[in-house]
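Got the viewer open? Here's a short walk through a few spots worth clicking on.

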Amino acid sequence: MRDYHPMSRRISLHVSPYLLLSLTSLIWSLNWVIGRAIVGHVSPLTLTFIRWLVAVAAILPFAWPGIRAHWPLIKRNWRVIVWLGFWGTGLHNAFAYVGLQYTTATNGVILNSSIPILIILLGWLVYRETITRAQTLGVVISLAGILAIISRGDPAVLAQLHLNKGDLIVLAGMVFWAAYTVFLRMKPEGLPGLVLLACCGCVGLGLLFPLMAYEMAFLGGRVEFTPATLGAMLYVGIFPSFVGYVFWNRGVAEVGPAISGIFVHLMPPFGALLAWLFLDERLYAYHLVGIALILVGIAITTHGHRAVPEPGPE
């Protein structure tokens, strides 16, 4: 009988993709609050460029060995990488920060709730994915929770809602993110997620640099360097762009885009909780009802879907 030493076996830790997707929504919820808070202090296109400059600087030390090892694979699939970078790491964030110049962080977080529907719709249009009854029911129940929060428990409030140009710009960004999530299935086989993220981040920088330069030269762009703005730029660069994307990409790889998309519905309740914790805003009964409905919708959507772990974390 062959003897195996315990230390010779590969030890891997598998984290629940549902936990990763939930943490991603929490990280991104705070991103909207910060993005709105520094309006007037850092111009939106410049903030987007700085965000990805910080992100790429944080990612490269970890991804560089993988980039060197997989360089032939990267060169063969550069069109796919540019395509994913276009939808996911460039203009998507630009739309979000530009939209926040004209709308509130609360509206931005709530509008993120369109993503699960957009993902399911684009998945059907592009790949003819089947939309299951459980997915449909889960999305509907989660949307009911969103509407409970938006309406403050009063259906008459919904009739008074209107979209301003900031909301429409944010919605355009949501289309980009939904497309990125759907197109993630194009990820080259054998390419680690962190390497893909670093490459897409470089694509995003290439797309955003001329936009930033134009904003600074012709649109009165500005950047204030204060402890608050520096902290904000570091946060949006490291957490939403690095940690959040790693978590999201891993979650999508394990449970698929449609299941992953429903977790975006956690952002409005997370936003309400963050406002309660940091802005001393009150939580009302309709918040709790909405949060409960959202969680029920997520439970229904993910029920019976068994995630198949990949070997080791990316």
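How exposed or buried is R222? Select it: R222 comes out partly exposed, at 41% relative accessibility (buried is under 20% relative accessible area, exposed over 50%, partly exposed in between, with a 1.4 Å probe and protein chains only).

Before moving on: this is a predicted model, where local features need pLDDT of at least 70, side-chain atom pairs count only at pLDDT 80 or more, and totals for chains, interfaces and linings use all residues. Residues are numbered from 1 along each chain as its sequence is written, and side-chain values use heavy atoms, leaving out hydrogens and water.

Now add E224, also partly exposed at 22%. Its side chain meets that of R222 in a salt bridge of 2.3 Å, N to O (a side-chain nitrogen of Lys or Arg within 4 Å of a carboxyl oxygen of Asp or Glu).

The whole structure has two salt bridges, so hop over to R250 and E254, whose side chains pair at 2.8 Å, N to O. Both sit in helix α12 (residues 227-255), four residues apart, about one turn; helices are DSSP runs of H or I, at least four residues, numbered from the N terminus. R250 is buried at 7%, and E254 is buried at 9%.

Next, T181 in helix α10 (residues 165-183). T181 is buried, at 0% relative accessibility. Beyond four places in sequence, T181 is in contact with I119, W248, V252 and P257 (contact means heavy atoms within 4.5 Å).

Last stop: I300, in helix α15 (residues 285-302). I300 and I141 are 159 residues apart in sequence but 9.0 Å apart in space, C-alpha to C-alpha.

Definitions and conventions
Helix = DSSP H or I, 4+ residues; strand = E, 2+ residues; numbered from the N terminus.
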